[in-house]
Amino acid sequence: MTLSSIFVTIFVITLIILFANLILGGIFDSTIGLDNDILNMTTMLCFLGVTSVLGYLLLNFTTLSNAMVIAIAALIATGLTIVLNIFVFIPLSKMESSTAFKIEEMQGEVGEVTLRIPVDDVGEVTIMTPLGIVTRTAKSYENKELEQGEQALVIEVKDQIFYVVKYDENFNYLDIKKSGGK
């Protein structure tokens, strides 16, 4: 197998792994243990892909020796990977995590009952947020039935369940004690 075909093979395998990792939601990152800011699967694949492309180009369009081609390709790929990591990959990962929210932060939000909430049973509440629609299982905080279409205020979030009361803008919700409301 020639060095040129090795570079092409590495590039094709890198693309396959990169797309598989993208489609599977980064499963290879955590499986292999490469899921931190500096050393992650995307950075490694970027390095391998750039090295193989540069190696192929240098090998076919220059008269450099194989050792020089590998050294120059690896050096340039290292520089490009570092620049991409600092200016693209790390900022994107920070941006992604900064837009995420914790379900507990929904306390105090007003939503609409989308599935009736019976006494001592669960229903469903949908809340519109700037990031999209959040729909969760909900229980009545005061053991009172809430009908579909009514506005509900999230008083508490426990075990991924919204504990809600019927929304009334004139009612003082600060008087409600936490954990059960009963």
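**Strand β4, its neighbours and the charged pairs around them**

In this predicted model, β4 and β5 form a hairpin with two residues between them. One residue of the turn, D159, has a positive phi of about 50°. The two strands run antiparallel and are joined by six bridges, and within this pairing V154 stands opposite V164 in β5. On β1, too, β4 has an antiparallel partner, this time through three bridges; here E112 stands opposite Q151 in β4.

How much of β4 is buried? Six of its eight residues are, so the strand is largely enclosed by the rest of the structure. This fits well with a general tendency: in soluble globular proteins, nonpolar side chains tend to be buried together.

The largest nonpolar core holds 14 residues, and the members that touch the most others are I117, V125, F162 and V164. At least two residues of this core come from each of β2, β3, β4 and β5, with β4 giving the most, namely three. V164 is a helpful residue to follow through the model: beyond its sequence neighbours up to four places away, its contacts include I117, V125, A138, L146 and A152, as well as L153, V154 and I155. Apart from this core lies another one, made of ten residues, among them F7, V50, L59 and V69.

Turning to charged side chains, how many salt bridges does the structure hold? There are two. In one of them, R116 pairs with E145, with 3.2 Å between the closest N and O atoms. R116 belongs to the loop between β1 (110-115) and β2 (122-129), while E145 belongs to the loop between β3 (132-140) and β4 (151-158), so this pair ties together parts that are 29 residues apart in sequence. Both partners can be placed by their relative accessibility: R116, at 40%, counts as partly exposed, and E145, at 39%, also counts as partly exposed.

The other salt bridge is formed by E150 and K166, whose closest N and O atoms are 3.2 Å apart. Because E150 lies in the loop between β3 and β4 and K166 in strand β5 (residues 161-166), the pair ties together parts that are 16 residues apart in sequence.

Aromatic rings complete the picture. A search of the whole structure for aromatic pairs finds zero. A ring does, however, meet a charge: the charged end of K158 sits over the ring of Y163, at 5.2 Å from the ring centre.

Technical notes: Residues are numbered from 1 along each chain as its sequence is written. This is a predicted model: local features need pLDDT of at least 70, side-chain atom pairs count only at pLDDT 80 or more; totals for chains, interfaces and linings use all residues. Side-chain values use heavy atoms; hydrogens and water are left out. A salt bridge is a side-chain nitrogen of Lys or Arg within 4 Å of a carboxyl oxygen of Asp or Glu. Helices (H or I, at least four residues) and strands (E, at least two) are DSSP runs, numbered from the N terminus. Buried means under 20% relative accessible area, exposed over 50%, partly exposed in between (1.4 Å probe, protein chains only). Rings of Phe, Tyr and Trp (its six-membered ring) pair if their centres lie within 6.5 Å; planes under 30 degrees apart count as stacked, over 60 as edge-to-face and the rest as tilted. A charge sits over a ring if NZ of Lys or CZ of Arg is within 6 Å of the ring centre and within 35 degrees of the ring normal. A nonpolar core is a set of buried Ala, Val, Leu, Ile, Met, Phe, Trp, Tyr and Cys residues joined through side-chain atoms within 4.5 Å. Contact means heavy atoms within 4.5 Å. Two strands pair if DSSP finds at least two bridges between them.
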